[in-house]
Amino acid sequence: MHAIRVAALSFRALIATKLGACALCIRLSLTLSVVSWLLLVVINALVPGSLAAKLALVPALAFAALFASHLAAYAVRVLVAYGRAGRVASGLHLLGKPRGVSAFVTRGFNCIALP
Ligand SMILES: [Zn+2]
């Protein structure tokens with residue numbers, strides 16, 4: 001039971017640190033997704049409708065799902081960081097603008113624009 005809990009925590013840590021955060025892993029998942037879809041196309045062209053073509057669909061879908069998860073996690077991370085930057089920009093607006101950073105507030109939506 002303890003081993004399962006440790007494995008679950010380690011998996012969670014892996015997801016938290018890698019999913020949508022590591023450029024190498026995002027690129028690798030995209031590359032593997034493209035390669036597996038190309039492999040599926042080639043196998044389907046050589047032996048259409050065979051068991052091999054159906055089996056080649058499994059990694060193609062898995063890598064596509066992994067890449068989509070990376071993109072979704074990246075989007076969430078960017079939105080959270082943007083929200084934090086907005087709060088920072090709002091604070092900067094009150095304190096005055098530092099050099100090189102233009103902070104502005106539009107219709108209640110805080111924005112920060114870096115040069
Ligand atoms: Zn990585």
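How many C-beta neighbours does Leu32 have inside 10 Å, and does that count make Leu32 buried, exposed or partly exposed? I will come to the answer in a moment, but I should say at the outset that what we have here is a predicted model, and I will try to keep that in view throughout.

To take the question, then: Leu32 counts as partly exposed, because 17 C-beta neighbours lie inside 10 Å, and the cut-off for a buried residue is 20 or more. Leu32 has its place in helix H2, and although Phe67 is 35 residues away from Leu32 in sequence, the two C-alpha atoms are 9.0 Å apart in space.

Let me step back to the chain as a whole. The protein chain has three helices and two strands, and, read along the sequence, these follow the pattern α-α-α-β-β. Of its 115 residues, 7% count as buried, and, if we take the contacts with a separation of 6 or more, 47% of them are between residues 24 or more positions apart.

Now the confidence, with which I would like to be careful. The average pLDDT of the protein chain is 81, and 77% of the residues score at least 70. Among the elements, H2 has the highest mean pLDDT, at 95, whereas strand E2, residues 109-113, has the lowest, at 39. Over residues 97-115 the pLDDT is below 50, and this stretch nevertheless has 28 contacts in the model beyond near neighbours in sequence. Where pLDDT is low, the predicted coordinates should not be read in detail.

Turning to the helices, I begin with H1, which covers residues 2-18. The 17 residues of H1 should span 24 Å at 1.5 Å a residue, and the end C-alpha atoms are indeed 24 Å apart, so the two values agree. H1 is hardly covered, since the count of buried residues among its 17 residues is zero. After H1 comes Gly20, whose phi is positive, near 75°.

For H2, residues 23-46, the corresponding check also agrees, because 24 residues should span 34 Å and the end C-alpha atoms are 34 Å apart. In contrast to what I said of H1, H2 does have buried residues, namely Ser29, Ser33 and Leu40.

One of these, Ser29, brings us to His70, which lies in helix H3. His70 counts as buried, because it has 23 C-beta neighbours inside 10 Å. Leaving aside its neighbours within four places in sequence, His70 is in contact with Leu19, Gly20, Cys25, Ile26 and Ser29. The C-alpha atoms of His70 and Cys22 are separated by 9.0 Å, with their positions 48 residues apart along the chain.

Finally, the connection between H2 and H3, where Val47 is found in the loop between H2 and H3 (51-95). Val47 is exposed, because 11 other C-beta atoms lie within 10 Å, and the cut-off for an exposed residue is 12 or fewer. Beyond its neighbours within four places in sequence, Val47 is in contact with Ala52 and Ala53. Ala53 has its place in helix H3 and is partly exposed, with 18 other C-beta atoms within 10 Å. With the same neighbours in sequence left aside, the contacts of Ala53 are Leu40, Ile43, Asn44, Val47 and Pro48. The C-alpha atoms of Ala53 and Leu40, which are 13 residues apart along the chain, are separated by 6.2 Å, and Leu40 is one of the buried residues of H2.

Notes. Residues are numbered from 1 along each chain as its sequence is written. This is a predicted model: local features need pLDDT of at least 70, side-chain atom pairs count only at pLDDT 80 or more; totals for chains, interfaces and linings use all residues. Helices (H or I, at least four residues) and strands (E, at least two) are DSSP runs, numbered from the N terminus. Two residues are in contact if their C-beta atoms, placed from the backbone, lie within 7 Å. The expected span of a helix is 1.5 Å times one less than its number of residues. pLDDT is the predictor's confidence in each residue, from 0 to 100.
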